[in-house]
Amino acid sequence: MTQNQTLQSPVPRGATEDKTGIAVGAGPVDVDAYIDFQCPFCKQFELNSRNVIDRLLDREMIRFIRHPMNFLDAMSANHYSTRAAAAAAAAADGDRFHEYSYALFQSQPPEGGFGLSDDQLITLGRVVGVADPSFAEHVKSGTYVSWPSFVTARATARGVGGTPSVFVADKAIPARPDLIVAAVDRAMH
């Protein structure tokens, strides 16, 4: 897929203008996180950064944009990176993307296995409060299964070579909460 190729599948609610991520919050500074739901380093980033990200969101300082990639599909027996990202996209339709993404990292299976089943992904949605009745059908039918490949192709074209990759106001920074806070502060002043 070239950078100029258009996405031919549905785009989840809350998607950014370029259709490569899901945004939460409406603050003036964009914090972009390129993640893979099977990446153990992404899990570490998410668990370590959650309180800081949530505080910045609560203070309306940032728009937090996760770009769910599928770099690690080959590390699972059932394309877990793609399936988890597609399920997160379905959760976005029910306004629970942020909560669902965090829950996916808390429940992250080890690399090399099967990953969570569709039924487990659906149950996880119920646990975080996805009330949209079409969520389960979107997960089972794979409504958003082509979206993570589009996100990955666009991210690769941007120069993202691994996950997690974090950008604050379009500047790459290490994926650390203290550095995110410092970069947001610089961008606001």
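This is a short tour of a helix pair, a cavity and a pocket in a predicted model.

**First stop: two packed helices**

Begin by selecting residues 40-58, which form helix α1, and then add residues 177-188, which form helix α7. Two packed helices are described by the angle between their axes and by the distance between those axes. For α1 and α7 the angle is about 30°, and the axes lie 9 Å apart. Angles under 35 degrees count as roughly parallel, and therefore α1 is described as roughly parallel to α7. If you turn the view so that one helix lies in front of the other, you can look for the right-handed crossing in which α1 passes α7.

Which residues make the contact between α1 and α7? On the α1 side, select Phe-45, Asn-48, Ser-49, Val-52, Ile-53 and Leu-56, and on the α7 side select Pro-177, Ile-180, Val-181 and Val-184. When the residues of this contact are sorted by class, eight are nonpolar and two are polar, while none is charged.

**Second stop: the cavity**

Keep α1 selected, since it gives five residues to the lining of the largest cavity, which is the largest share of that lining. The structure holds one cavity of 30 Å³ or more, and about 50 Å³ of space lies in the largest cavity. To see what surrounds this space, select Phe-45, Glu-46, Ser-49, Arg-50, Ile-53, Phe-64, Arg-66, His-98 and Tyr-102. Besides α1, the elements that give two or more residues to this lining are β3 and α3, the latter being residues 97-106. By class, the lining of the cavity has four nonpolar, two polar and three charged residues. Phe-45, Ser-49 and Ile-53 are worth colouring separately, as they appear in the cavity lining and also in the contact of α1 with α7.

**Third stop: the largest pocket**

Now move to the largest pocket, in which about 250 Å³ of space lies. Its lining is made by 17 residues, and a good way to find the centre is to select Asp-18, Thr-20, Asp-32, Tyr-34 and Arg-158, which lie nearest to it. Next, show β2 (29-35), β3 (62-68) and α6 (147-158), the elements that give two or more residues to the lining of this pocket. Which of the elements gives the most to the lining? Helix α6 does, with four residues. Colouring the lining of the pocket by class should show five nonpolar, four polar and eight charged residues.

Notes:
Residues are numbered from 1 along each chain as its sequence is written. This is a predicted model: local features need pLDDT of at least 70, side-chain atom pairs count only at pLDDT 80 or more; totals for chains, interfaces and linings use all residues. Side-chain values use heavy atoms; hydrogens and water are left out. Axes are lines fitted to C-alpha atoms, for helices over the stretch in contact, and angles run from 0 to 180 degrees between N-to-C directions. Angles under 35 degrees count as roughly parallel, over 145 as roughly antiparallel, 65 to 115 as roughly perpendicular and the rest as oblique. A crossing is left-handed if the near helix is turned anticlockwise from the far one by less than a right angle, and right-handed if clockwise. Contact means heavy atoms within 4.5 Å. Ala, Val, Leu, Ile, Met, Phe, Trp, Tyr, Cys and Pro count as nonpolar, Asp, Glu, Lys and Arg as charged, and the others, Gly among them, as polar. On a 1 Å grid over the protein atoms alone, a cavity is a set of points where a 1.4 Å probe fits but cannot get out, and a pocket is an open set with protein on both sides within 12 Å along at least five of seven lines; lining residues have an atom within 4 Å of a point. Grid points are joined across faces, edges and corners, and a volume is the space filled by probe spheres set on the points.
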